[in-house]
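The exercises below are meant to be worked with the sequence and the model open side by side. Try each task before reading the solution that follows it.

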Amino acid sequence: MIFKNFIAGPFQANNYLLIDETTQKAVLIDCSGEVGDVIETLKEHNASLEKILLTHAHIDHIAGCYDLKEQTGAKIFVNEEDMFLIKNTQKQLQMFGLPPEKEAPVDGFIKDGETIHIGEIKIKAIHTPGHTKGGMCYLVEDKLFSGDTLFLGSVGRTDLPGGDYNELENSISNKIFTLEGDLDIYSGHGPKTTLEYEKKNNPFFGQNPIA
Ligand SMILES: [Zn+2]
(Lines give C-alpha, C1' and ligand atoms only; values in the text may rest on other atoms or scores of the structure.)
Protein backbone atom coordinates (compact mmCIF):
# COMPACT_ATOMS: atom_id res chain seq x y z
CA MET A 1 0.00 0.00 0.00
CA ILE A 2 1.26 3.45 -0.89
CA PHE A 3 0.41 6.02 1.76
CA LYS A 4 0.69 9.81 1.37
CA ASN A 5 -0.34 12.77 3.44
CA PHE A 6 -1.35 16.10 1.88
CA ILE A 7 -2.11 19.28 3.74
CA ALA A 8 -4.59 21.54 2.01
CA GLY A 9 -7.31 24.11 2.36
CA PRO A 10 -8.18 27.11 4.48
CA PHE A 11 -7.30 25.43 7.79
CA GLN A 12 -4.48 23.19 6.63
CA ALA A 13 -6.29 19.92 7.20
CA ASN A 14 -4.66 16.57 6.55
CA ASN A 15 -5.81 14.49 3.58
CA TYR A 16 -4.59 10.91 3.35
CA LEU A 17 -4.22 9.03 0.10
CA LEU A 18 -4.00 5.22 0.11
CA ILE A 19 -3.15 3.37 -3.07
CA ASP A 20 -3.43 -0.40 -3.44
CA GLU A 21 -0.37 -1.42 -5.42
CA THR A 22 -1.96 -4.60 -6.79
CA THR A 23 -4.96 -2.98 -8.43
CA GLN A 24 -3.86 0.68 -8.59
CA LYS A 25 -7.13 1.62 -6.91
CA ALA A 26 -6.99 4.51 -4.48
CA VAL A 27 -9.00 6.12 -1.71
CA LEU A 28 -8.67 9.58 -0.18
CA ILE A 29 -9.63 10.33 3.41
CA ASP A 30 -10.93 13.91 3.52
CA CYS A 31 -10.51 16.41 0.72
CA SER A 32 -9.93 19.79 2.24
CA GLY A 33 -8.81 22.08 -0.58
CA GLU A 34 -6.33 22.25 -3.46
CA VAL A 35 -6.36 18.90 -5.25
CA GLY A 36 -3.33 19.32 -7.58
CA ASP A 37 -0.92 17.23 -5.49
CA VAL A 38 -3.44 14.39 -5.18
CA ILE A 39 -3.98 14.34 -8.95
CA GLU A 40 -0.21 14.38 -9.56
CA THR A 41 0.37 11.48 -7.19
CA LEU A 42 -2.42 9.44 -8.76
CA LYS A 43 -0.86 10.00 -12.18
CA GLU A 44 2.60 9.15 -10.91
CA HIS A 45 1.34 5.75 -9.72
CA ASN A 46 -1.06 5.25 -12.60
CA ALA A 47 -3.82 4.94 -10.00
CA SER A 48 -7.53 5.61 -10.15
CA LEU A 49 -9.30 7.27 -7.26
CA GLU A 50 -12.36 5.18 -6.38
CA LYS A 51 -13.66 6.89 -3.27
CA ILE A 52 -13.35 9.94 -1.05
CA LEU A 53 -14.26 9.04 2.54
CA LEU A 54 -15.04 11.98 4.81
CA THR A 55 -14.25 11.91 8.51
CA HIS A 56 -16.90 14.63 8.88
CA ALA A 57 -18.37 17.49 6.90
CA HIS A 58 -16.85 20.65 8.35
CA ILE A 59 -15.88 22.93 5.51
CA ASP A 60 -12.14 22.59 6.16
CA HIS A 61 -12.36 18.84 5.37
CA ILE A 62 -14.60 18.91 2.31
CA ALA A 63 -13.66 22.03 0.35
CA GLY A 64 -11.86 20.12 -2.45
CA CYS A 65 -14.55 17.46 -2.95
CA TYR A 66 -16.32 19.05 -5.90
CA ASP A 67 -13.11 19.61 -7.86
CA LEU A 68 -11.60 16.24 -7.17
CA LYS A 69 -14.77 14.38 -8.06
CA GLU A 70 -15.00 16.33 -11.29
CA GLN A 71 -11.42 15.46 -12.21
CA THR A 72 -11.35 11.81 -11.10
CA GLY A 73 -14.95 10.57 -10.97
CA ALA A 74 -14.37 9.37 -7.40
CA LYS A 75 -17.48 8.74 -5.32
CA ILE A 76 -17.93 10.70 -2.10
CA PHE A 77 -19.11 9.10 1.15
CA VAL A 78 -20.05 10.64 4.49
CA ASN A 79 -22.05 9.59 7.53
CA GLU A 80 -25.68 10.57 6.99
CA GLU A 81 -25.80 12.57 10.23
CA ASP A 82 -23.36 15.10 8.74
CA MET A 83 -25.54 15.78 5.71
CA PHE A 84 -26.90 18.89 7.40
CA LEU A 85 -23.37 20.31 7.31
CA ILE A 86 -23.06 19.52 3.59
CA LYS A 87 -26.40 21.25 3.02
CA ASN A 88 -25.08 24.22 5.00
CA THR A 89 -21.88 24.54 2.97
CA GLN A 90 -22.50 28.22 2.13
CA LYS A 91 -23.30 29.03 5.76
CA GLN A 92 -20.11 27.32 6.91
CA LEU A 93 -18.07 29.31 4.35
CA GLN A 94 -19.66 32.57 5.46
CA MET A 95 -18.98 31.75 9.09
CA PHE A 96 -15.24 31.70 8.34
CA GLY A 97 -15.34 34.61 5.88
CA LEU A 98 -14.54 32.33 2.91
CA PRO A 99 -15.84 32.80 -0.65
CA PRO A 100 -18.75 30.64 -1.91
CA GLU A 101 -17.97 27.17 -3.22
CA LYS A 102 -19.85 24.30 -4.79
CA GLU A 103 -21.36 21.79 -2.39
CA ALA A 104 -19.68 18.39 -2.10
CA PRO A 105 -21.68 16.03 -4.36
CA VAL A 106 -22.20 13.14 -1.92
CA ASP A 107 -22.84 9.71 -3.48
CA GLY A 108 -23.57 7.61 -0.43
CA PHE A 109 -23.51 7.15 3.33
CA ILE A 110 -21.17 5.28 5.62
CA LYS A 111 -22.34 3.44 8.71
CA ASP A 112 -20.62 2.31 11.87
CA GLY A 113 -18.93 -1.07 11.52
CA GLU A 114 -19.00 -1.11 7.74
CA THR A 115 -15.96 -2.40 5.84
CA ILE A 116 -14.99 -0.63 2.63
CA HIS A 117 -12.78 -2.42 0.10
CA ILE A 118 -10.50 -0.53 -2.26
CA GLY A 119 -8.69 -3.22 -4.19
CA GLU A 120 -6.97 -5.17 -1.40
CA ILE A 121 -7.17 -2.33 1.11
CA LYS A 122 -9.71 -2.97 3.85
CA ILE A 123 -11.10 0.05 5.67
CA LYS A 124 -13.18 -0.33 8.81
CA ALA A 125 -15.54 2.56 9.50
CA ILE A 126 -16.10 3.55 13.13
CA HIS A 127 -18.78 6.11 14.01
CA THR A 128 -17.32 8.49 16.61
CA PRO A 129 -19.82 11.30 17.21
CA GLY A 130 -18.93 14.26 19.41
CA HIS A 131 -17.02 16.73 17.24
CA THR A 132 -19.92 16.37 14.80
CA LYS A 133 -22.92 14.02 14.86
CA GLY A 134 -21.65 12.07 11.90
CA GLY A 135 -17.96 11.95 12.83
CA MET A 136 -16.17 8.85 11.54
CA CYS A 137 -12.78 7.26 12.13
CA TYR A 138 -11.29 4.85 9.63
CA LEU A 139 -9.08 1.92 10.57
CA VAL A 140 -6.70 0.57 7.91
CA GLU A 141 -4.22 -2.10 9.05
CA ASP A 142 -2.32 -0.41 11.89
CA LYS A 143 -3.40 3.10 11.00
CA LEU A 144 -6.34 4.93 12.52
CA PHE A 145 -7.56 8.04 10.71
CA SER A 146 -9.21 9.98 13.49
CA GLY A 147 -10.47 13.13 11.77
CA ASP A 148 -11.11 15.87 14.32
CA THR A 149 -12.08 13.39 17.06
CA LEU A 150 -8.60 12.83 18.52
CA PHE A 151 -5.37 14.78 17.99
CA LEU A 152 -1.84 14.57 19.30
CA GLY A 153 -2.37 15.54 22.93
CA SER A 154 -5.84 16.92 22.33
CA VAL A 155 -9.41 16.22 21.28
CA GLY A 156 -11.81 17.88 18.85
CA ARG A 157 -13.73 20.99 19.78
CA THR A 158 -17.40 20.48 20.60
CA ASP A 159 -18.68 24.05 20.48
CA LEU A 160 -19.64 23.98 16.80
CA PRO A 161 -23.11 22.94 15.58
CA GLY A 162 -23.68 19.24 16.30
CA GLY A 163 -20.81 19.07 18.80
CA ASP A 164 -21.31 17.32 22.14
CA TYR A 165 -18.52 16.81 24.67
CA ASN A 166 -20.10 13.81 26.41
CA GLU A 167 -20.50 12.07 23.10
CA LEU A 168 -16.91 12.83 22.17
CA GLU A 169 -15.67 11.45 25.48
CA ASN A 170 -17.75 8.33 24.98
CA SER A 171 -16.47 7.86 21.43
CA ILE A 172 -12.83 8.16 22.45
CA SER A 173 -13.11 6.01 25.57
CA ASN A 174 -15.29 3.28 24.18
CA LYS A 175 -14.58 3.20 20.47
CA ILE A 176 -10.98 4.34 20.05
CA PHE A 177 -9.18 3.48 23.30
CA THR A 178 -10.68 -0.02 23.15
CA LEU A 179 -9.03 -0.77 19.80
CA GLU A 180 -6.33 -3.44 19.80
CA GLY A 181 -2.65 -2.97 19.10
CA ASP A 182 -0.43 0.08 19.08
CA LEU A 183 -2.00 1.93 16.23
CA ASP A 184 -0.55 4.97 14.53
CA ILE A 185 -3.09 7.76 14.65
CA TYR A 186 -3.38 10.19 11.77
CA SER A 187 -5.67 13.05 12.68
CA GLY A 188 -7.39 15.81 10.75
CA HIS A 189 -4.85 18.48 11.74
CA GLY A 190 -1.26 18.39 12.91
CA PRO A 191 1.21 15.56 13.36
CA LYS A 192 0.78 11.84 13.75
CA THR A 193 0.48 10.21 17.17
CA THR A 194 -0.08 6.70 18.52
CA LEU A 195 -2.84 5.02 20.46
CA GLU A 196 -0.46 4.07 23.26
CA TYR A 197 0.83 7.64 23.58
CA GLU A 198 -2.67 9.13 23.72
CA LYS A 199 -3.89 6.58 26.26
CA LYS A 200 -1.02 7.60 28.55
CA ASN A 201 -0.63 11.29 27.80
CA ASN A 202 -3.74 12.84 26.34
CA PRO A 203 -4.62 15.46 28.95
CA PHE A 204 -8.31 14.89 28.36
CA PHE A 205 -8.16 11.16 29.07
CA GLY A 206 -4.62 10.04 29.93
CA GLN A 207 -4.71 9.89 33.71
CA ASN A 208 -8.27 8.80 34.28
CA PRO A 209 -9.64 7.03 31.26
CA ILE A 210 -13.40 6.96 31.46
CA ALA A 211 -14.26 3.49 30.28
ZN1 LIG B 1 -13.96 19.65 12.13
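**Exercise 1. A helix and its two faces**

Task: Compare the expected span of helix α6 (residues 165-176) with the distance between its end C-alpha atoms, and then find which of its residues are buried.

Solution. Keep in mind throughout that this is a predicted model. Step one is the length: at 1.5 Å a residue, the 12 residues of helix α6 (residues 165-176) should span 16 Å, and the end C-alpha atoms lie 15 Å apart, which agrees. Step two is burial, for which a residue needs 20 or more other C-beta atoms within 10 Å of its own; in α6, Leu168, Ser171, Ile172 and Ile176 are buried. These residues cover an arc of only 90 degrees around the axis, which puts them on the same side of α6. The general background is that an α-helix has 3.6 residues a turn, so residues three or four places apart point the same way. Step three is the surroundings: the cover over the buried residues of α6 includes β9 (136-140), β10, β11 (150-151) and β12 (154-155), whereas the face turned away from the buried side carries the exposed residues Asn166 and Asn174.

**Exercise 2. Strand β2 between its partners**

Task: Establish how many residues of β2 are buried, and describe how β2 pairs with β1 and with β3.

Solution. Begin with burial: 7 of the 7 residues of β2 are buried, so this strand is largely enclosed by the rest of the structure. Next, sort the side chains by direction: Ala13, Asn15, Leu17 and Ile19 point one way from β2, while Asn14, Tyr16 and Leu18 point the other way, and all are buried. Then take the partners in turn. β1 and β2 run antiparallel and are joined by 7 bridges, one of which can be located through Ile7, whose bridge partner in β2 is Asn14. The hairpin formed by β1 and β2 has 4 residues between the strands, and Gly9 in its turn has a positive phi of about 95 degrees. On the other pairing, β2 and β3 are antiparallel over 4 bridges, with Leu28 in β3 as the bridge partner of Leu17. Here the hairpin has 5 residues between its strands, and Gln24 in the turn has a positive phi of about 60 degrees.

**Exercise 3. Two open sheets**

Task: Give the strand order of the sheet that contains β1, and explain why one side of each edge strand is left without a neighbour.

Solution. The order is β1-β2-β3-β4-β5-β6, an open sheet of 6 strands with mixed pairing. β1 (2-8) and β6 (108-109) stand at the edges with a single partner strand each, so one side of each is left without a neighbour in the sheet. A parallel pair in this sheet is that of β3 (residues 25-29) and β4 (residues 48-53), joined by 5 bridges; Ile29 has Leu53 as its bridge partner in β4.

The second part concerns β7: in which sheet does this strand lie? It belongs to an open sheet of 6 strands in the order β7-β8-β9-β10-β13-β14, again with mixed pairing, whose edge strands β7 and β14 (193-194) each pair on one side only. β7 (residues 115-118) and β8 (residues 121-127) pair in the antiparallel sense over 4 bridges, and Ile123 in β8 is the bridge partner of Ile116. With 2 residues between them, β7 and β8 form a hairpin in which Gly119, in the turn, has a positive phi of about 55 degrees. By contrast, β10 (residues 143-147) and β13 (residues 184-187) run parallel and are joined by 4 bridges, Tyr186 being the partner of Phe145 in β13.

**Exercise 4. The core and the whole chain**

Task: Find which residues of the largest nonpolar core touch the most other members, and judge the compactness of the chain from its radius of gyration.

Solution. The largest nonpolar core has 55 residues, of which Leu18, Ala26, Val27, Leu28 and Ile52 touch the most other members. Strand β2 (residues 13-19) gives the most to this core, with 5 residues. Leaving aside residues up to four places away in sequence, Leu18 touches Met1, Phe3, Ala26, Val27, Ile118, Ile121 and Val140. Turning to the whole chain, which has 7 helices and 14 strands, the radius of gyration is 16 Å, close to the 17 Å that the globule rule gives for 211 residues, so the chain is as compact as a globular protein of that length.

Notes. Residues numbered from 1 in each chain as written. Predicted model: local features only at pLDDT ≥ 70, side-chain atom pairs only at ≥ 80, totals over all residues. Core = buried A, V, L, I, M, F, W, Y, C linked by C-beta atoms within 7 Å. Buried ≥ 20, exposed ≤ 12 C-beta atoms within 10 Å, placed from the backbone. Contact = placed C-beta atoms within 7 Å. Pairing = 2+ DSSP bridges. Rg over C-alpha atoms; globule rule 2.2 N^0.38 Å. Expected span 1.5 Å × (residues − 1). Arc of directions from axis to C-beta.
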